[in-house]
Amino acid sequence: MLSLTHSIIFLLLLCSCCAVNLSVTKQRIVDVWKKNEDGVNTYRIPVISYTPFNNYLIALSEARRFSASDFGTKYIALKISKDGGSTWGNNTFIYSTKAHCTLNVGAILVDDIYKTLHFYFTESIYNHNNVYSNYVMNSTNDGLTWSSPRNISDQIGTVMFTPGPGHGLQLKNIKKGRYLICGHSTIQADGLRCIYSDDFGRTYKNGIYLPGIPYGLTKRTGDFVPDENQFIELEDGTIVFNVRNQAVYRGHFRLRIISRDCGESVDMKSIQLDETLITPVCNAGLIRIRDWTFFSNPATQHSRTNLTLRWSNDNGFTWKGALVLHKNAAAYSSINYIPNITYNNKLFVIFEGGKSDAYEKIKVAIVKYEETTKLTMLIRKQYNI
(Lines give C-alpha, C1' and ligand atoms only; values in the text may rest on other atoms or scores of the structure.)
Protein backbone atom coordinates (compact mmCIF):
# COMPACT_ATOMS: atom_id res chain seq x y z
CA MET A 1 0.00 0.00 0.00
CA LEU A 2 1.23 3.48 -0.82
CA SER A 3 2.13 5.67 2.13
CA LEU A 4 0.37 9.00 2.59
CA THR A 5 3.50 10.85 1.44
CA HIS A 6 3.78 8.74 -1.70
CA SER A 7 0.08 9.25 -2.41
CA ILE A 8 0.46 13.02 -2.15
CA ILE A 9 3.48 12.98 -4.45
CA PHE A 10 1.56 10.85 -6.96
CA LEU A 11 -1.40 13.25 -6.91
CA LEU A 12 0.88 16.28 -7.37
CA LEU A 13 2.59 14.63 -10.33
CA LEU A 14 -0.81 13.79 -11.80
CA CYS A 15 -1.94 17.39 -11.35
CA SER A 16 1.22 18.73 -12.98
CA CYS A 17 0.23 16.97 -16.20
CA CYS A 18 -3.00 18.97 -16.46
CA ALA A 19 -1.92 22.40 -15.24
CA VAL A 20 -4.42 25.12 -16.09
CA ASN A 21 -2.99 28.18 -14.42
CA LEU A 22 0.04 29.67 -12.70
CA SER A 23 0.77 30.56 -9.14
CA VAL A 24 2.84 33.75 -9.48
CA THR A 25 4.58 35.48 -6.57
CA LYS A 26 6.79 38.54 -6.34
CA GLN A 27 9.89 37.48 -4.39
CA ARG A 28 11.74 40.78 -4.16
CA ILE A 29 12.52 44.05 -5.95
CA VAL A 30 16.12 45.17 -6.32
CA ASP A 31 17.43 48.61 -7.33
CA VAL A 32 19.76 48.61 -10.35
CA TRP A 33 20.22 52.34 -11.17
CA LYS A 34 19.05 55.55 -9.50
CA LYS A 35 19.01 59.23 -10.47
CA ASN A 36 22.36 61.03 -10.25
CA GLU A 37 24.33 57.79 -9.94
CA ASP A 38 27.87 58.22 -11.31
CA GLY A 39 27.16 61.77 -12.43
CA VAL A 40 24.21 60.83 -14.65
CA ASN A 41 21.00 62.81 -14.27
CA THR A 42 18.59 60.00 -15.23
CA TYR A 43 18.72 56.36 -16.35
CA ARG A 44 15.95 55.27 -18.69
CA ILE A 45 14.82 52.61 -21.21
CA PRO A 46 16.06 49.44 -19.43
CA VAL A 47 16.55 46.11 -21.19
CA ILE A 48 17.56 42.79 -19.63
CA SER A 49 18.85 39.42 -20.81
CA TYR A 50 20.61 36.28 -19.69
CA THR A 51 24.17 35.63 -20.87
CA PRO A 52 25.02 32.48 -22.85
CA PHE A 53 28.09 31.14 -20.99
CA ASN A 54 27.61 31.65 -17.25
CA ASN A 55 23.87 32.40 -17.07
CA TYR A 56 24.40 35.85 -15.62
CA LEU A 57 21.85 38.63 -15.98
CA ILE A 58 22.87 41.68 -17.99
CA ALA A 59 21.02 45.01 -17.93
CA LEU A 60 21.52 47.99 -20.23
CA SER A 61 19.95 51.46 -20.19
CA GLU A 62 20.21 54.98 -21.54
CA ALA A 63 22.33 57.10 -19.20
CA ARG A 64 20.95 60.58 -19.87
CA ARG A 65 23.84 62.75 -18.78
CA PHE A 66 22.36 66.19 -18.12
CA SER A 67 18.57 65.78 -18.00
CA ALA A 68 15.76 63.27 -18.38
CA SER A 69 15.03 64.56 -21.90
CA ASP A 70 14.80 62.16 -24.85
CA PHE A 71 17.39 64.36 -26.59
CA GLY A 72 20.90 65.29 -25.56
CA THR A 73 24.09 63.60 -24.45
CA LYS A 74 23.63 59.94 -23.55
CA TYR A 75 25.77 56.94 -22.67
CA ILE A 76 24.86 53.26 -22.85
CA ALA A 77 25.12 51.99 -19.27
CA LEU A 78 25.60 48.32 -18.36
CA LYS A 79 25.49 46.26 -15.19
CA ILE A 80 25.83 42.51 -14.62
CA SER A 81 24.35 40.31 -11.90
CA LYS A 82 26.05 36.99 -11.16
CA ASP A 83 23.52 35.82 -8.57
CA GLY A 84 20.18 35.89 -10.34
CA GLY A 85 19.43 39.58 -9.89
CA SER A 86 19.96 39.85 -6.13
CA THR A 87 23.02 42.09 -6.46
CA TRP A 88 24.47 44.06 -9.37
CA GLY A 89 28.07 44.85 -10.25
CA ASN A 90 29.76 48.12 -11.11
CA ASN A 91 28.25 50.57 -13.56
CA THR A 92 30.01 50.51 -16.95
CA PHE A 93 29.53 52.88 -19.88
CA ILE A 94 30.10 50.99 -23.11
CA TYR A 95 29.27 53.79 -25.57
CA SER A 96 28.77 57.56 -25.53
CA THR A 97 27.18 59.77 -28.17
CA LYS A 98 29.22 61.80 -30.60
CA ALA A 99 29.13 65.60 -30.45
CA HIS A 100 25.67 67.05 -31.21
CA CYS A 101 24.14 63.56 -31.36
CA THR A 102 21.75 61.51 -29.29
CA LEU A 103 21.03 57.77 -29.18
CA ASN A 104 18.19 55.35 -28.56
CA VAL A 105 18.40 52.05 -26.66
CA GLY A 106 17.86 49.42 -27.97
CA ALA A 107 17.49 45.63 -28.21
CA ILE A 108 19.68 42.82 -26.93
CA LEU A 109 19.80 39.41 -28.64
CA VAL A 110 21.40 36.16 -27.45
CA ASP A 111 22.88 33.82 -30.05
CA ASP A 112 22.69 30.47 -28.23
CA ILE A 113 24.43 28.67 -31.10
CA TYR A 114 27.61 30.77 -31.18
CA LYS A 115 27.33 32.00 -27.57
CA THR A 116 27.39 35.70 -28.38
CA LEU A 117 25.46 38.77 -27.27
CA HIS A 118 24.38 41.37 -29.83
CA PHE A 119 23.19 44.83 -28.82
CA TYR A 120 21.39 47.11 -31.31
CA PHE A 121 20.89 50.86 -31.02
CA THR A 122 20.53 53.96 -33.18
CA GLU A 123 22.20 57.37 -33.16
CA SER A 124 21.21 60.67 -34.78
CA ILE A 125 21.89 64.39 -34.58
CA TYR A 126 19.73 66.43 -32.20
CA ASN A 127 17.20 67.83 -34.66
CA HIS A 128 15.95 64.40 -35.84
CA ASN A 129 16.39 65.07 -39.55
CA ASN A 130 15.47 61.44 -40.32
CA VAL A 131 19.05 60.41 -41.09
CA TYR A 132 20.17 57.79 -38.59
CA SER A 133 23.09 55.50 -37.99
CA ASN A 134 22.11 51.98 -36.94
CA TYR A 135 24.70 50.13 -34.87
CA VAL A 136 25.34 46.68 -33.44
CA MET A 137 27.90 45.75 -30.77
CA ASN A 138 28.90 42.15 -29.96
CA SER A 139 30.26 40.40 -26.90
CA THR A 140 31.74 36.90 -26.75
CA ASN A 141 32.39 36.89 -22.99
CA ASP A 142 28.99 37.47 -21.36
CA GLY A 143 29.11 41.25 -21.72
CA LEU A 144 32.39 41.85 -19.91
CA THR A 145 33.86 43.44 -23.05
CA TRP A 146 32.28 44.59 -26.31
CA SER A 147 33.34 45.09 -29.90
CA SER A 148 33.45 48.55 -31.42
CA PRO A 149 30.02 49.53 -32.79
CA ARG A 150 29.47 48.36 -36.37
CA ASN A 151 27.35 50.62 -38.54
CA ILE A 152 24.87 48.51 -40.52
CA SER A 153 23.10 51.46 -42.17
CA ASP A 154 24.66 50.56 -45.52
CA GLN A 155 22.59 47.34 -45.37
CA ILE A 156 19.27 48.53 -43.91
CA GLY A 157 19.29 52.23 -44.82
CA THR A 158 19.55 55.47 -42.86
CA VAL A 159 15.83 55.90 -42.15
CA MET A 160 15.13 55.82 -38.42
CA PHE A 161 15.01 52.34 -36.92
CA THR A 162 14.83 52.29 -33.13
CA PRO A 163 15.09 48.66 -31.95
CA GLY A 164 12.85 47.38 -29.18
CA PRO A 165 13.26 48.53 -26.59
CA GLY A 166 13.69 45.07 -25.11
CA HIS A 167 15.11 41.97 -26.73
CA GLY A 168 15.40 40.49 -30.19
CA LEU A 169 15.15 36.76 -30.82
CA GLN A 170 17.23 34.08 -32.46
CA LEU A 171 14.43 32.02 -34.01
CA LYS A 172 14.27 28.33 -33.15
CA ASN A 173 11.75 26.84 -35.55
CA ILE A 174 11.00 27.39 -39.27
CA LYS A 175 13.86 29.85 -39.82
CA LYS A 176 16.13 28.33 -37.21
CA GLY A 177 19.07 30.58 -36.35
CA ARG A 178 17.58 33.76 -37.86
CA TYR A 179 18.16 36.94 -35.86
CA LEU A 180 14.96 39.02 -35.70
CA ILE A 181 15.10 42.55 -34.30
CA CYS A 182 12.05 44.82 -34.35
CA GLY A 183 11.22 48.34 -33.28
CA HIS A 184 9.70 51.49 -34.72
CA SER A 185 10.48 53.93 -37.50
CA THR A 186 10.49 57.71 -38.03
CA ILE A 187 8.78 60.21 -35.78
CA GLN A 188 6.54 61.44 -38.64
CA ALA A 189 5.73 58.16 -40.40
CA ASP A 190 6.25 55.94 -37.35
CA GLY A 191 5.23 52.30 -37.75
CA LEU A 192 6.43 48.83 -36.83
CA ARG A 193 9.71 47.88 -38.49
CA CYS A 194 11.92 44.76 -38.39
CA ILE A 195 15.34 43.75 -39.63
CA TYR A 196 16.75 40.22 -39.76
CA SER A 197 19.93 38.26 -40.41
CA ASP A 198 20.17 34.71 -41.74
CA ASP A 199 23.97 34.48 -41.42
CA PHE A 200 24.43 35.02 -37.67
CA GLY A 201 24.77 38.77 -37.85
CA ARG A 202 27.21 39.16 -40.72
CA THR A 203 24.60 40.84 -42.95
CA TYR A 204 21.14 42.28 -42.35
CA LYS A 205 18.01 42.74 -44.46
CA ASN A 206 14.85 44.77 -43.99
CA GLY A 207 11.77 42.83 -43.00
CA ILE A 208 8.39 44.12 -41.85
CA TYR A 209 7.51 47.76 -42.30
CA LEU A 210 3.96 48.57 -41.22
CA PRO A 211 3.64 52.39 -41.34
CA GLY A 212 1.31 54.62 -39.41
CA ILE A 213 -1.78 55.93 -41.20
CA PRO A 214 -2.08 58.51 -42.72
CA TYR A 215 1.42 57.93 -44.04
CA GLY A 216 3.87 60.85 -43.98
CA LEU A 217 1.49 63.27 -42.27
CA THR A 218 1.47 64.61 -38.73
CA LYS A 219 -0.46 62.13 -36.63
CA ARG A 220 -3.54 62.99 -34.62
CA THR A 221 -5.12 61.27 -31.65
CA GLY A 222 -7.07 58.29 -32.97
CA ASP A 223 -4.83 57.55 -35.96
CA PHE A 224 -3.37 54.07 -36.47
CA VAL A 225 0.24 54.37 -35.30
CA PRO A 226 2.03 51.15 -34.27
CA ASP A 227 5.24 51.92 -32.38
CA GLU A 228 7.58 50.22 -29.87
CA ASN A 229 6.99 46.50 -29.65
CA GLN A 230 8.06 43.10 -28.39
CA PHE A 231 7.27 39.73 -29.92
CA ILE A 232 7.22 35.97 -29.38
CA GLU A 233 7.86 33.04 -31.71
CA LEU A 234 5.48 30.07 -31.99
CA GLU A 235 6.42 26.53 -33.03
CA ASP A 236 5.02 26.97 -36.55
CA GLY A 237 7.16 30.06 -37.15
CA THR A 238 4.37 32.56 -36.46
CA ILE A 239 5.56 35.79 -34.83
CA VAL A 240 3.07 37.47 -32.48
CA PHE A 241 3.75 41.15 -31.77
CA ASN A 242 2.48 43.16 -28.83
CA VAL A 243 2.65 46.80 -29.92
CA ARG A 244 2.44 50.27 -28.42
CA ASN A 245 -0.68 52.10 -29.65
CA GLN A 246 0.99 55.49 -30.08
CA ALA A 247 -2.01 57.62 -31.14
CA VAL A 248 -4.59 55.73 -29.07
CA TYR A 249 -6.27 54.08 -32.06
CA ARG A 250 -9.78 53.10 -30.85
CA GLY A 251 -8.80 53.44 -27.21
CA HIS A 252 -6.06 52.99 -24.62
CA PHE A 253 -5.29 49.38 -25.52
CA ARG A 254 -2.33 47.45 -26.87
CA LEU A 255 -2.21 46.25 -30.48
CA ARG A 256 -1.66 42.60 -31.47
CA ILE A 257 -0.13 41.98 -34.90
CA ILE A 258 0.99 38.71 -36.53
CA SER A 259 3.66 37.75 -39.06
CA ARG A 260 3.40 34.31 -40.67
CA ASP A 261 6.77 34.42 -42.47
CA CYS A 262 9.19 34.93 -39.56
CA GLY A 263 9.19 38.72 -39.59
CA GLU A 264 9.30 39.49 -43.32
CA SER A 265 5.71 40.76 -43.66
CA VAL A 266 2.53 41.37 -41.69
CA ASP A 267 -0.74 39.46 -42.00
CA MET A 268 -2.92 42.57 -42.32
CA LYS A 269 -6.06 40.66 -41.34
CA SER A 270 -4.44 39.79 -38.01
CA ILE A 271 -4.27 43.35 -36.64
CA GLN A 272 -6.39 43.54 -33.49
CA LEU A 273 -6.80 45.51 -30.29
CA ASP A 274 -6.26 43.62 -27.03
CA GLU A 275 -8.86 45.26 -24.82
CA THR A 276 -7.68 43.38 -21.74
CA LEU A 277 -4.35 45.16 -21.94
CA ILE A 278 -5.28 48.70 -20.95
CA THR A 279 -2.36 51.09 -21.23
CA PRO A 280 -1.25 54.68 -21.32
CA VAL A 281 0.99 55.57 -24.27
CA CYS A 282 4.01 53.53 -23.16
CA ASN A 283 6.16 50.53 -23.98
CA ALA A 284 5.76 47.06 -22.45
CA GLY A 285 7.60 43.80 -21.84
CA LEU A 286 6.78 40.42 -23.42
CA ILE A 287 8.33 36.95 -23.36
CA ARG A 288 7.29 33.35 -23.99
CA ILE A 289 8.67 30.53 -21.86
CA ARG A 290 7.51 27.07 -22.92
CA ASP A 291 3.69 27.22 -22.91
CA TRP A 292 3.36 30.52 -21.05
CA THR A 293 3.53 34.09 -22.31
CA PHE A 294 4.24 36.94 -19.87
CA PHE A 295 3.45 40.63 -20.36
CA SER A 296 4.29 43.70 -18.25
CA ASN A 297 3.12 47.32 -18.48
CA PRO A 298 1.55 50.19 -16.51
CA ALA A 299 -1.97 48.82 -16.31
CA THR A 300 -3.92 52.08 -16.38
CA GLN A 301 -5.40 54.06 -19.25
CA HIS A 302 -4.01 57.50 -18.56
CA SER A 303 -1.03 57.42 -16.17
CA ARG A 304 2.28 55.62 -15.99
CA THR A 305 1.57 53.80 -12.73
CA ASN A 306 0.56 50.34 -11.49
CA LEU A 307 3.15 48.16 -13.23
CA THR A 308 1.44 44.79 -13.68
CA LEU A 309 2.57 41.35 -14.84
CA ARG A 310 0.05 39.22 -16.76
CA TRP A 311 0.27 35.66 -18.07
CA SER A 312 -1.33 33.64 -20.85
CA ASN A 313 -1.24 30.02 -22.02
CA ASP A 314 -2.57 30.74 -25.53
CA ASN A 315 0.25 32.96 -26.79
CA GLY A 316 -1.20 36.24 -25.56
CA PHE A 317 -4.65 35.99 -27.12
CA THR A 318 -6.30 35.77 -23.67
CA TRP A 319 -4.87 36.44 -20.21
CA LYS A 320 -5.37 34.15 -17.21
CA GLY A 321 -4.03 36.23 -14.34
CA ALA A 322 -2.34 39.41 -13.17
CA LEU A 323 0.04 40.49 -10.41
CA VAL A 324 0.82 44.11 -9.51
CA LEU A 325 4.59 44.52 -9.19
CA HIS A 326 4.75 48.25 -8.38
CA LYS A 327 1.68 50.36 -7.55
CA ASN A 328 3.31 53.77 -7.74
CA ALA A 329 4.83 55.62 -10.70
CA ALA A 330 6.23 53.20 -13.30
CA ALA A 331 6.88 53.31 -17.03
CA TYR A 332 9.04 51.22 -19.38
CA SER A 333 9.72 47.55 -18.65
CA SER A 334 11.37 44.50 -20.17
CA ILE A 335 11.17 40.80 -19.23
CA ASN A 336 13.61 37.93 -19.46
CA TYR A 337 14.64 34.69 -17.76
CA ILE A 338 17.72 32.50 -17.23
CA PRO A 339 17.57 29.11 -19.03
CA ASN A 340 19.29 27.24 -16.20
CA ILE A 341 17.86 24.80 -13.67
CA THR A 342 19.15 26.97 -10.80
CA TYR A 343 16.71 29.69 -11.84
CA ASN A 344 13.91 27.45 -13.07
CA ASN A 345 10.46 29.09 -13.02
CA LYS A 346 11.82 32.58 -12.36
CA LEU A 347 11.20 35.79 -14.28
CA PHE A 348 13.14 39.03 -14.14
CA VAL A 349 11.16 42.18 -14.91
CA ILE A 350 13.32 45.29 -15.22
CA PHE A 351 11.37 48.55 -15.03
CA GLU A 352 11.43 52.28 -14.44
CA GLY A 353 9.81 53.13 -11.13
CA GLY A 354 9.62 55.41 -8.11
CA LYS A 355 7.16 56.91 -5.64
CA SER A 356 5.90 59.88 -7.64
CA ASP A 357 8.55 59.96 -10.40
CA ALA A 358 8.64 56.93 -12.70
CA TYR A 359 12.24 57.79 -13.64
CA GLU A 360 13.59 57.92 -10.09
CA LYS A 361 15.11 54.42 -10.35
CA ILE A 362 15.47 51.38 -12.52
CA LYS A 363 14.55 48.24 -10.60
CA VAL A 364 14.31 44.49 -11.17
CA ALA A 365 11.38 42.47 -9.86
CA ILE A 366 12.28 38.83 -9.26
CA VAL A 367 9.16 36.74 -9.80
CA LYS A 368 8.57 33.02 -9.23
CA TYR A 369 5.86 31.10 -11.05
CA GLU A 370 4.56 27.55 -10.78
CA GLU A 371 1.97 25.66 -12.79
CA THR A 372 -1.11 24.76 -10.74
CA THR A 373 -4.57 23.24 -10.88
CA LYS A 374 -7.37 23.66 -8.35
CA LEU A 375 -6.62 20.14 -7.07
CA THR A 376 -2.94 20.98 -6.64
CA MET A 377 -3.80 24.03 -4.54
CA LEU A 378 -6.27 22.10 -2.42
CA ILE A 379 -3.73 19.34 -1.69
CA ARG A 380 -1.02 21.82 -0.74
CA LYS A 381 -3.38 23.76 1.50
CA GLN A 382 -4.64 20.59 3.18
CA TYR A 383 -1.17 19.17 3.88
CA ASN A 384 0.68 22.49 4.30
CA ILE A 385 3.16 21.76 1.47
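Visitor: What is the strand order in the open sheet of five strands?

Guide: Keep in mind that we're looking at a predicted model. The pairing in this open sheet is mixed, and its edge strands, β9 (150–151) and β11 (166–167), each pair on one side only. Put the five strands in a row and you get β9-β8-β7-β6-β11.

Visitor: Which residue stands opposite Ala 107?

Guide: Let's go to strand β6, residues 101–111, which pairs with β11 in the parallel sense over two bridges. Strands of a sheet pair through backbone hydrogen bonds, either parallel or antiparallel. Across from Ala 107, in β11, stands Gly 166.

Visitor: How many helices and strands does the chain have?

Guide: We've been looking at one sheet, so here's the whole chain, with its 385 residues. The tally is three helices and 25 strands.

Visitor: What share of the residues is buried?

Guide: Here a residue counts as buried when its relative accessible area is under 20%. The chain's accessible surface comes to about 16500 Å², and 53% of that belongs to carbon and sulfur atoms. Out of the 385 residues, the buried share is 57%.

Visitor: Which residues touch the most other members of the largest nonpolar core?

Guide: In soluble globular proteins, nonpolar side chains tend to be buried together. The largest nonpolar core here has 44 residues. Apart from it lies another core of 20 residues, including Leu 171 and Cys 262. In the largest one, the members touching the most others are Leu 60, Ile 76 and Phe 119.

Visitor: Which Phe residues does Ile 76 touch, leaving out residues up to four places away in sequence?

Guide: With those sequence neighbours left out, the list for Ile 76 includes Leu 60, Tyr 95 and Val 105. Pick out the Phe residues from that list and you have Phe 93, Phe 119 and Phe 121.

Visitor: How many residues of strand β3 are buried?

Guide: Strand β3, residues 57–64, has pairing partners in β2 and β4. Seven bridges join β3 to strand β2 (residues 42–50), and those two run antiparallel. Strand β4 (residues 74–81) also pairs with β3 in the antiparallel sense, over eight bridges. As for cover, β3 is mostly covered, and its buried count is eight of eight.

Visitor: Which ring does the charged end of Arg 44 sit over?

Guide: Arg 44 stands opposite Glu 62 in β3. Its charged end is 4.9 Å from the centre of a ring. That ring belongs to Tyr 332.

Visitor: Is Ile 45 buried or exposed?

Guide: Ile 45 is found in strand β2, and it has a positive phi of about 55° although it is not a glycine. Most residues other than glycine have a negative phi, and most peptide bonds are trans. The cut-off for buried is under 20% relative accessible area. At 5% relative accessibility, Ile 45 therefore counts as buried.

Visitor: Where is Asn 315, which has a positive phi of about 65°?

Guide: Asn 315 isn't a glycine either, despite that positive phi. With a relative accessible area of 19%, Asn 315 is buried. Its place is in the loop between β22 (305–312) and β23 (321–336).

Visitor: What is omega for the cis peptide bond that joins Ile 213 and Pro 214?

Guide: Pro 214 sits in the loop between β15 (205–210) and β16 (226–233). Another cis bond runs from Val 105 to Gly 106, with omega near -5°, and Gly 106 lies in strand β6. For Ile 213 and Pro 214, omega is about 5°.

Visitor: Why does the pair of Phe 294 and Tyr 369 count as stacked, tilted or edge-to-face?

Guide: Planes under 30 degrees apart count as stacked and over 60 as edge-to-face, with the rest as tilted. The ring centres of Phe 294 and Tyr 369 are 5.0 Å apart. Their planes are at 55°, which falls between those cut-offs, so the pair is tilted.

Visitor: How many residues apart are Phe 294 and Tyr 369 along the chain?

Guide: Both of these residues, Phe 294 and Tyr 369, are buried. Phe 294 is in strand β21 (residues 292–298) and Tyr 369 is in strand β25 (residues 361–372), so the pair links distant parts of the chain. The separation is 75 residues.

Methods: Residues are numbered from 1 along each chain as its sequence is written. This is a predicted model: local features need pLDDT of at least 70, side-chain atom pairs count only at pLDDT 80 or more; totals for chains, interfaces and linings use all residues. Side-chain values use heavy atoms; hydrogens and water are left out. A nonpolar core is a set of buried Ala, Val, Leu, Ile, Met, Phe, Trp, Tyr and Cys residues joined through side-chain atoms within 4.5 Å. Buried means under 20% relative accessible area, exposed over 50%, partly exposed in between (1.4 Å probe, protein chains only). Contact means heavy atoms within 4.5 Å. Rings of Phe, Tyr and Trp (its six-membered ring) pair if their centres lie within 6.5 Å; planes under 30 degrees apart count as stacked, over 60 as edge-to-face and the rest as tilted. Helices (H or I, at least four residues) and strands (E, at least two) are DSSP runs, numbered from the N terminus. A charge sits over a ring if NZ of Lys or CZ of Arg is within 6 Å of the ring centre and within 35 degrees of the ring normal. Accessible areas come from the Shrake-Rupley method with a 1.4 Å probe; for residues, only the protein chains shown count as cover. Two strands pair if DSSP finds at least two bridges between them.
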